[in-house]
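Please walk me through this structure by asking how each description is earned. I would like every term set against its definition.

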Amino acid sequence: MTKRNVMWMKKMRAIQVGTGGFGQSWLHILMQSNDIELVAIVDIDEKNIRDAKNLLGDHFIPDYRDHIRAFSEVEADIAVIITPPQTHKALALAALEAGLYVFMEKPITQNFHEAIELYNESLPYHPFIMISQNYRWRPEIETVREVVQRGDAGDIEYGEWNFRRATKFGGWRDKYSEILVEDMSIHHFDLLRHILNKDATSIYARSKRPSWSWFEGNAVAGALINFGEDTLINYFGSWVTRGKETSWNGDFRLVGSHGIIELIDDIPYLTVEGKQRKELPLVSLPYTDRAYSIYEMVQAIREKRKPVTHIEDNLKSFEIVGGALRSIKESKEITLTQSN
């Protein structure tokens, strides 16, 4: 058996850093993965560790409070970081220093400037950093992307994207000044880049805190975003909506020179000039959502390539967030530079 075959057969050993809240659902995903062996968990909170160990049941997984100690004592391939954004940079650099590949939940860091710092400081290391942009890996999204890229509706010239939910998280999210833009819109901005195969060139954004909002900061935002030289997207999002909610993807319409592509309640439709609107059959994926994200990470390591959502690529999505925040603060259109 060749070394390449052994690499493809063996599971990648992962240390998960952060086991509270969202981290518990990641424990499920890693334990169910055919490609991952969970070899340690890390959290500074004793309750989070206890909850994780209860969830893991009979599986004995070493637990640590100190990530540096875990990285040095446990033989592993990947650090899976599921912690608040303000901790990402230090944890990622410590993992790289220990020779580990880094898989992180979005956003890259607390802000765009810190993300640029992390990217630059990661360059000397051989292991890479991948950001999980799990919304890309959904059949309805991949169906829309393929139809757009085939040109079934012609060149997409403008679009409308609406996201409306009323979600109560509690915890650190309630404290953000621009929670929708900082924590949620990155998904939709990244999807737009993915679907259109274009990078954003400018953005003008505004935000608001409705009187009934349970968030301390602004939970409603709108933006006009230019992609490439010829596509304008009108984006709106709310985390304190009233009335009918959208899915987490949102509802959107992409209008082209020969027709329109829509995603409504996660059902994709195509209408071409002179023809009736038709529902599109969904493409098949080997995994979906976050399970595909970790699958892509493992495949990239095995194939010795950068993953699709490598930090270098994800900076282009995160810059749209940074541009939106700056636009809100300065009340002007912001030119984006990562695509240049």
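Q: What makes strand S2 (residues 36-42) and S3 a pair of strands?
A: Two strands pair if DSSP finds at least two bridges between them, and two bridges join S2 to S3, so the definition is met; the two strands run parallel. In S3, Asp-63 is the bridge partner of Ile-41. The names come from DSSP runs numbered from the N terminus, helices being H or I with at least four residues and strands being E with at least two. This is a predicted model, in which local features need pLDDT of at least 70 and side-chain atom pairs count only at pLDDT 80 or more, while totals for chains, interfaces and linings use all residues. Residues are numbered from 1 along each chain as its sequence is written, and side-chain values use heavy atoms, with hydrogens and water left out.

Q: Why are S3 and S6 called edge strands?
A: Six strands form an open sheet with parallel pairing, in the order S3-S2-S1-S4-S5-S6. Strand S3 (63-64) and S6 each pair on one side only, and they are the edge strands.

Q: What makes helix H5 (residues 88-97) mostly covered?
A: Buried means under 20% relative accessible area, with a 1.4 Å probe and protein chains only as cover, and eight of the ten residues of H5 are buried. Among them are His-88, Leu-91 and Leu-96. These buried residues pack against strand S1 (12-17), helix H4 (67-73), strand S4 (78-81), S5, H6 and strand S6 (129-132), where contact means heavy atoms within 4.5 Å.

Q: Why is Asn-197 called exposed, and Tyr-204 partly exposed?
A: Exposed means over 50% relative accessible area, and partly exposed lies between that and the buried limit. Asn-197 has 59%, so it is exposed, whereas Tyr-204 is partly exposed because its value is 32%. Asn-197 lies in the loop between helix H8 (179-196) and S8, and Tyr-204 is placed in strand S8 (residues 200-208).

Q: What makes the phi of Asn-197 worth a remark?
A: Most residues other than glycine have a negative phi, and most peptide bonds are trans. Asn-197 is not a glycine, yet its phi is positive, about 55°. Asp-289, also not a glycine, has a positive phi of about 55°, and is found in helix H9 (residues 289-302).

Q: Which peptide bond is called cis, and what is its omega?
A: The bond from Lys-106 to Pro-107 is cis, with omega near -10°. Pro-107 is found in the loop between strand S5 (101-105) and helix H6 (112-122).
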